[in-house]
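Biologist: I am new to this one. Please show me the model, and let me ask why things are called what they are called.

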Amino acid sequence: MNILKNFKLKEIEFKNFIFLNRSEKEMVLKWRNHPNVRNNMFNNYIISKNEHFKFITKLVTNKNNFYWLVKDPLDSLGVFYLNNVDIFNKRAYLGIYTNPIKIQNGRGAEIIKSGMELFFKKINFHTLKLEVFEKNKVAFNFYKKIGFEREGILRDYIIRNDKWLNVLILGIIKNEWSKLYE
């Protein structure tokens, strides 16, 4: 299945970044540069408009990284992305961030649950992994509640403010997801 395309799952639309219009690209950039999002990313510097637009242009030929703007009928919810995609072994690392301008409880869960359903059922991935800062207890507990299990730790993996931070690896396998959500 071609994962470059747009997807719709019930009322949730996944619009691939390569199909975003200019205002959507600018909206996503504003979200990504928002301190609440940026400070939980590995690369936490402010991204320029030029850099952001070039990044999206390069996604057209990138076979390992895919980004979608996630929308419901009323609003843009956030971003869902897959990195290090391995189609042969049916695995990827996922990431999300919600619209930091319009914070509403449950949006992150809505994005990630819809994304997992899409990629486990429609695209038939076997496993999804993610990385989260060890110090980010809110995110860790959120992912655990959804069904992800801690699989490992990358010690002293990222440096911030002259301090090394650990990163946790979490994962969920399709049959574990199926028991929880089907």
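Modeller: What follows goes through aromatic pairs, helix contacts and a loop in a predicted model.

Biologist: Start with the rings. How many aromatic pairs does the structure hold?

Modeller: There are 18 aromatic pairs. Take Phe120 and Trp177 as one example.

Biologist: What makes Phe120 and Trp177 a pair, and why is the pair called tilted?

Modeller: Their ring centres are 5.4 Å apart, and the limit for a pair is 6.5 Å. The planes stand at 40 degrees. Stacked needs under 30 degrees and edge-to-face needs over 60, so the pair is tilted.

Biologist: Which parts of the chain does this pair link?

Modeller: Distant ones: Phe120 is in helix H4 (residues 107-122) and Trp177 is in helix H6 (residues 174-181). The two residues are 57 residues apart.

Biologist: How do you know whether Phe120 is buried or exposed? And what about Trp177?

Modeller: Buried means under 20% relative accessible area. Phe120 has 0%, so Phe120 counts as buried. Trp177 has 3%, so Trp177 is buried too.

Biologist: Which residues form an aromatic cluster?

Modeller: One cluster is formed by Phe7, Phe14, Phe66, Trp68, Phe80, Phe119 and Phe125.

Biologist: Back to the helices. Why are H4 and H6 called oblique?

Modeller: Their axes cross at roughly 125 degrees and come within 11 Å. Roughly perpendicular covers 65 to 115 degrees, and roughly antiparallel needs over 145. The angle fits neither range, so H4 and H6 are oblique to each other. Their crossing is left-handed.

Biologist: Which residues meet there?

Modeller: From H4 come Lys113, Met116, Glu117, Phe120 and Lys121. From H6 come Lys174, Trp177 and Tyr181. By class, this contact has 4 nonpolar, no polar and 4 charged residues.

Biologist: H4 also packs with helix H5 (residues 137-146). What makes H4 oblique to H5?

Modeller: Their angle is about 45 degrees, with the axes 11 Å apart. Roughly parallel needs under 35 degrees, and roughly perpendicular starts at 65. The value lies in between, and that makes H4 oblique to H5. The crossing of H4 and H5 is right-handed.

Biologist: Which residues make the contact of H4 with H5?

Modeller: Gly108, Ala109, Ile112, Lys113 and Met116 in H4 meet Phe142, Tyr143 and Ile146 in H5. They divide into 6 nonpolar, 1 polar and 1 charged.

Biologist: And how do helix H1 (residues 22-33) and helix H3 (residues 49-59) pack?

Modeller: They pack at about 115 degrees, with axes 10 Å apart. The crossing of H1 and H3 is right-handed. On the H1 side are Arg22, Lys25, Glu26, Val28 and Leu29. On the H3 side are Lys49, His52, Phe53 and Ile56. This contact counts 4 nonpolar, 1 polar and 4 charged residues.

Biologist: Now the loop between strand S7 (149-160) and strand S8 (163-173). What is notable about the phi of Asn161?

Modeller: Most residues other than glycine have a negative phi. Asn161 is not a glycine, yet its phi is positive, about 50 degrees. Asp162 is in the loop between S7 and S8 as well. Asp162 is not a glycine either, and has a positive phi of about 65 degrees.

Biologist: How do you know whether Asn161 is buried or exposed? And Asp162?

Modeller: Exposed means over 50% relative accessible area. Asn161 has 74%, so Asn161 is exposed. Asp162 has 73%, so Asp162 is exposed too.

Key
Residues are numbered from 1 along each chain as its sequence is written. This is a predicted model: local features need pLDDT of at least 70, side-chain atom pairs count only at pLDDT 80 or more; totals for chains, interfaces and linings use all residues. Side-chain values use heavy atoms; hydrogens and water are left out. Rings of Phe, Tyr and Trp (its six-membered ring) pair if their centres lie within 6.5 Å; planes under 30 degrees apart count as stacked, over 60 as edge-to-face and the rest as tilted. Helices (H or I, at least four residues) and strands (E, at least two) are DSSP runs, numbered from the N terminus. Buried means under 20% relative accessible area, exposed over 50%, partly exposed in between (1.4 Å probe, protein chains only). Axes are lines fitted to C-alpha atoms, for helices over the stretch in contact, and angles run from 0 to 180 degrees between N-to-C directions. A crossing is left-handed if the near helix is turned anticlockwise from the far one by less than a right angle, and right-handed if clockwise. Contact means heavy atoms within 4.5 Å. Ala, Val, Leu, Ile, Met, Phe, Trp, Tyr, Cys and Pro count as nonpolar, Asp, Glu, Lys and Arg as charged, and the others, Gly among them, as polar.
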